[in-house]
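Here are my notes on this model, in numbered points. Have the structure open while you go through them.

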Amino acid sequence: NFRLCMPYARRRRRRLTIESIDAIYYVGQIKAWPYLYKTHLEYSIYPINFSVGNPQEWKKLFKPCAAQRLFLPMILKDVDSLLYVDTDVLFLRSVDDVWNILKLFNSTQLAAMAPEHEIPKIGWYSRFARHPYYGAAGVNSGVMLMNLTRMRSRLFKNSMIPTGLRWEDLLYPLYHKYKNDITWGDQDLLNIIFHYNPEYLYVFPCQWNYRPDHCMYGSNCRGAEDQGVSILHGNRGVYHNDKQPAFKVMYEAVRNVSTLNTKVCVFMTIKFN
């Protein structure tokens, strides 16, 4: 993902990679980048760490280590804010543009995500969830802005005790209560948290987390229709199957282009395909 982000970043930005087992591989890949790319990147490598509860339970929640994002406020104690994205995300415009959404937060908001679906009656949470979720259709955590400073300092309302809990103290009791009812792991836990604390969440438009769900039952992301897709999220494995050809073509175009002139090459590849 870092390689794909670099051509779309206008300013130097500090990047943080949470990894341990494959650290040597990733460092080698970064060192092989062209010099121009490397000048846009500063990075630190942190070991996988689950600070509360049973680490083996957390590692197996939904996908290996996916729950690590829940622990970023405790791991990155010196970091104020960050952008978390799943590994199946492609940036189609500057990373700076999504980063600027942080400036839209009011004084209470500490995280931002896009809705899981635009039409509740065909959304997953509104039809199948066995636990509380945010709003009418839930939120998707594949692209998530986090103000870690605020997350560390706030108390979170919950269904377990009448008083609020700090983020670190909330995670394991929440998981323990709902572990038999959740399907999408840490995303479900985030939905539960923001169900009880909606004032803490900023919801950004669907074009910033455009997924197959936005077009598999007809087009239902008006923002993408009006302004284009800003971030493409290829969940459901659509980059590697034929269920959503447009997603696969976009992924293959970005994967196959020369790193020396990514913007031009992607445009030319998509146009001629």
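1. Start with His-233: its side chain makes a polar contact with the side chain of Asp-86, at 3.5 Å (a polar contact being a pair of N or O atoms within 3.5 Å, where within protein one must be able to donate a hydrogen and the other to accept it, and residues adjacent in sequence count only if both atoms are side-chain atoms). His-233 sits in strand β10, residues 231-233, and counts as buried because its relative accessibility is 2% (buried is under 20% relative accessible area, exposed over 50%, partly exposed in between, with a 1.4 Å probe and protein chains only). Beyond four places in sequence, its contacts (heavy atoms within 4.5 Å) include Asp-88, Asn-140, Arg-211, Tyr-239 and Phe-247.

2. Before going further: this is a predicted model, where local features need pLDDT of at least 70 and side-chain atom pairs count only at pLDDT 80 or more, while totals for chains, interfaces and linings use all residues. Residues are numbered from 1 along each chain as its sequence is written, and side-chain values use heavy atoms, with hydrogens and water left out.

3. Lys-177 is a useful contrast to look at. It is found in helix α9 (helices are DSSP runs of H or I, at least four residues, and strands runs of E, at least two, numbered from the N terminus) and is partly exposed, with a relative accessible area of 40%. Its side chain makes a polar contact with the side chain of Ser-159 at 2.7 Å. Met-160 is also in contact with Lys-177; those two are 17 residues apart in sequence and 8.5 Å apart, C-alpha to C-alpha.

4. Now the largest nonpolar core (buried Ala, Val, Leu, Ile, Met, Phe, Trp, Tyr and Cys residues joined through side-chain atoms within 4.5 Å). It has 40 residues, and those touching the most other members include Trp-58, Trp-167 and Phe-194. Which helix gives the most to this core? That is α9, with six residues. Apart from this core lies another, of 15 residues, Val-98 and Phe-204 among them.

5. On α10, nine of its eleven residues are buried, including Asp-186, Gln-187 and Asp-188. Phe-194, also buried in α10, is in contact with Leu-110, Met-144 and Leu-201, among others outside its sequence neighbourhood.
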